Amino acid sequence: MKLQESVTSLRGVGPKKAEALARLGIETLEDLILFFPKSYEDRSRVIDIAMLSVGSKCLIKGTVIRKHENRYGRKQRLVLKVADATGGIEVVFFNAGYITKSVMEGEEYLFYGQVSENRAHLQMIHPAFEKDDGRRGLVPVYPLTKGISQSELRKLENQAREVYSQTQELLPSEMLEAGRLCPIGYALNNIHFPVEKQALQEARYRFIFDELLTLQTGLFAVRQNMRNKDNGISFDSSVSVEEYVDSLGYKLTGAQRRCINEITADLESSRVMNRLVQGDVGSGKTAVAEAAMFKTVRCGFQAVLMAPTEILAKQHYEGFKSRFEKHGISVGILTGSMGAAARRDTLEKISDGRIQILVGTHAVIQKDVVFCRLGLVITDEQHRFGVNQRTALKAKGDNPNVLVMTATPIPRTLAVILYGDLDVSVIDEMPPGRRSVDTKCVSDRERAAVYDFVEDQLRSGGQAYVVAPLIEESEAVDARSAEEVNEELNERFKSYNVALIHGAMKQSDKDRIMNEFAAGDIDILVATVVIEVGINVPNASVMVIENAERFGLAQLHQLRGRVGRGDRQSYCRLIMCGNSEVARMRGKIMEESCDGFYIAEEDLKLRGPGEIFGTRQHGLPDLNIADLARHVNILSHAKECAVEILREDPELSSERYSMLRRRIVKLFGEDFALNL
């Protein structure tokens with residue numbers, strides 16, 4: 001067997017199994033051995049049934065005395081009576097007909113699961129079970145998909161052990177020794193088949209470090225490319241932005257002024273600007289970006305802003321037109337829904353310079369988009385774009401300046417490490433007179449009172465968002481769905497227009513519904529988190545979030561930011577259906593603070609970075625084993641190594657770093673622009 005062989009070379013992997021494995025990102029044997037368990041079960045000791053306690057997860061060994069099937073509501077139920085020398089327990093499976101044939105009366109099995117109680121009888125519901133082969137210890141639990149089981153995946157991992165010896169080290173031996181990192185073969189054996197907890201910890205440390213090193217080296221390499229490959233465009237220092245700032249009709253905050261000064265200094269320097277602007281919802285990032293565009297155009301260059309959705313791009317376009325055209329600056333828009341004739345006309349005006357500021361969606365990175373003299377590239381809500389998309393946009397010009405903006409505050413403890421040598425500007429001051437959103441947590445028993453409050457707001461001319469965590473009902477997740485809430489609200493608010501929007505809809509339908517909501521034709525918009533990044537609807541005064549305990553703090557703050565954008569006092573009601581300590585703490589934080597940076601720091605402590613960065617880690621590749629919150633110390637070590645490696649071999653062209661180079665390309669994608 002070879003590392004790059006297809007998994008179909010393994011026993012038991014036909015086309016259907018290969019398809020299931022592919023959904024997990026496993027296509028080759030190398031993919032398989034680098035697919036790590038999400039957790040481990042300690043099955044080192046068999047517990048006597050008489051010693052079981054309710055709520056504990058245990059391994060028992062018993063004989064199936066009796067098995068019978070019956071119906072439980074709409075579900076088919078298989079009940080096994082299992083006993084050892086000390087007592088008996090019921091083992092229950094729902095809708096699992098295949099188990100009936102797998103388990104035989106009179107036979108002895110191992111069962112591992114959580115102990116519960118039903119009518120004074122001990123139970124295990126849906127435990128893992130197998131024949132006793134004499135092996136005990138830590139058992140890996142892998143992420144799964146339909147069509148493959150834990151036992152099947154474990155058997156495949158066991159077959160693949162043969163290729164461990166072919167796996168190259170990521171780093172030279174002296175770096176491994178200096179970092180006290182165990183060898184790759186030892187790490188692979190003990191991540192999949194740990195013999196003891198110490199060996200498992202050593203293996204996990206090794207792979208966490210490898211993943212963070214790959215991530216950090218890749219990020220540093222692309223930034224190094226952006227900043228050091230060529231000299232940047234140096235803008236004329238005599239061109240001032242004051243004419244534009246004075247025309248805004250309001251006074252900028254001190255934080256906005258500071259950011260504009262930092263950006264201006266970058267634009268006038270000889271090096272390429274590569275700056276992140278972080279600012280809470282409503283802090284005035286757009287005005288800062290517009291000042292940068294104004295200077296760019298006045299210095300004879302074009303500027304482009306890429307937004308994550310067409311509706312947001314159109315909103316920017318309308319705003320830019322009203323503010324820039326009075327200064328004689330032309331603004332254009334490019335989106336995927338444009339007709340062929342309009343698109344041709346726009347492309348012509350971009351290429352000959354008649355459009356000085358372009359706003360668009362991903363359409364602006366298409367191959368046929370050619371700029372005349374691009375000097376500034378801006379991405380809005382930068383966490384919605386991958387590294388490849390931002391790099392493709394930058395490639396439209398001759399080393400243009402780059403400004404990335406986000407309204408999702410990143411904890412300062414992570415920003416320093418994640419962004420490394422990327423310059424970060426923070427707008428940490430809100431415009432005067434902006435009202436905070438009145439936020440309260442309520443239990444699900446108070447839902448009727450919340451709906452009465454919503455109706456009061458509608459009567460006074462306001463509009464409302466109601467957000468649910470799921471699109472449709474799920475047996476696996478105990479939470480309200482947007483479809484269920486939409487039906488309920490249509491019944492409750494018969495004299496109002498209630499509409500539903502979610503991520504599975506066509507983009508054209510989502511845009512139409514959002515436009516109707518913005519125009520006031522829809523009174524209540526029921527949604528999933530698809531509205532987290534949305535357009536301004538100043539008239540929306542209420543945000544209700546169902547099952548708020550299922551959202552991270554940073555995400556709740558982002559959703560809350562959809563209201564409070566007009567003159568009306570706005571409100572957020574968090575309906576909590578869970579009563580855990582973490583849920584209570586998070587609710588208290590939301591009630592007491594509207595500071596996104598403070599909330600992000602608290603979210604990091606309570607939930608880790610997943611809720612802050614979302615599924616795509618702020619445009620970064622997904623991480624499989626590392627956790628950016630819990631592994632900050634390892635990330636710091638990886639950062640130091642990445643700097644040392646790139647100082648020694650900036651393009652990773654030597655054999656010494658060939659495996660690291662290959663891993664970076666795999667992590668970021670084949671078109672990752674690293675010049676590797």
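Contact here means heavy atoms within 4.5 Å of each other. On that basis, among contacts in the chain of this predicted model between residues at least 6 apart in sequence, 74% join residues at least 24 apart. The chain contains 23 helices and 21 strands, and buried residues account for 53% of its 676 residues.

A good place to start a tour of the fold is the open sheet of six strands, whose order is E16-E21-E20-E17-E19-E18 and whose pairing is parallel. Strand E16 (438–443) and strand E18 (498–501) stand at the edges; each has a single partner strand, so one side of each lacks a neighbour in the sheet. From one strand to the next, the twist averages 20°. Within the sheet, strand E17 (residues 463–467) runs parallel to strand E19 (residues 524–527), and four bridges join the two. Tyr465 is found opposite Leu525 of E19. Helix H18 (residues 553–560) packs on the sheet, where H18 touches E16, E17, strand E20 (540–545) and strand E21 (571–576). The direction of H18 makes about 155° with that of E20.

Attention now turns to a pair of helices. Two packed helices are described by the angle between their axes and the distance between the axes. For helix H10 (residues 285–298) and helix H11 (residues 310–324), the packing angle is about 55° and the axes are 12 Å apart. Angles under 35 degrees count as roughly parallel, and those from 65 to 115 as roughly perpendicular; H10 and H11 are therefore oblique to each other. The crossing in which H10 passes H11 is right-handed. On the H10 side, the contact is made by Thr286, Glu290, Met293 and Phe294, while H11 contributes His316, Phe320, Arg323 and Phe324. Sorted by class, the contact of H10 with H11 comprises four nonpolar, two polar and two charged residues.

Two loop residues also deserve a friendly look for their backbone geometry. Ala120, in the loop between strand E5 (108–118) and strand E6 (121–125), has a phi near 70°, a positive value in a residue other than glycine. With a relative accessible area of 67%, Ala120 is exposed, because the threshold for that class is over 50%. Arg180 sits in the loop between helix H5 (173–178) and helix H6 (184–192). The phi of Arg180 is near 55°, a positive value, again in a residue other than glycine. Arg180 is exposed, and its relative accessible area is 77%.

Key
Residues numbered from 1 in each chain as written. Predicted model: local features only at pLDDT ≥ 70, side-chain atom pairs only at ≥ 80, totals over all residues. Heavy atoms only, no water. Axes fitted to C-alpha atoms, helices over the stretch in contact; angles between N-to-C directions. Parallel < 35°, antiparallel > 145°, perpendicular 65-115°, else oblique. Left-handed = near helix turned anticlockwise from the far one by under 90°. Nonpolar A, V, L, I, M, F, W, Y, C, P; charged D, E, K, R; others polar. Pairing = 2+ DSSP bridges. Buried < 20%, exposed > 50% of the residue type's maximum accessible area, 1.4 Å probe, protein only.
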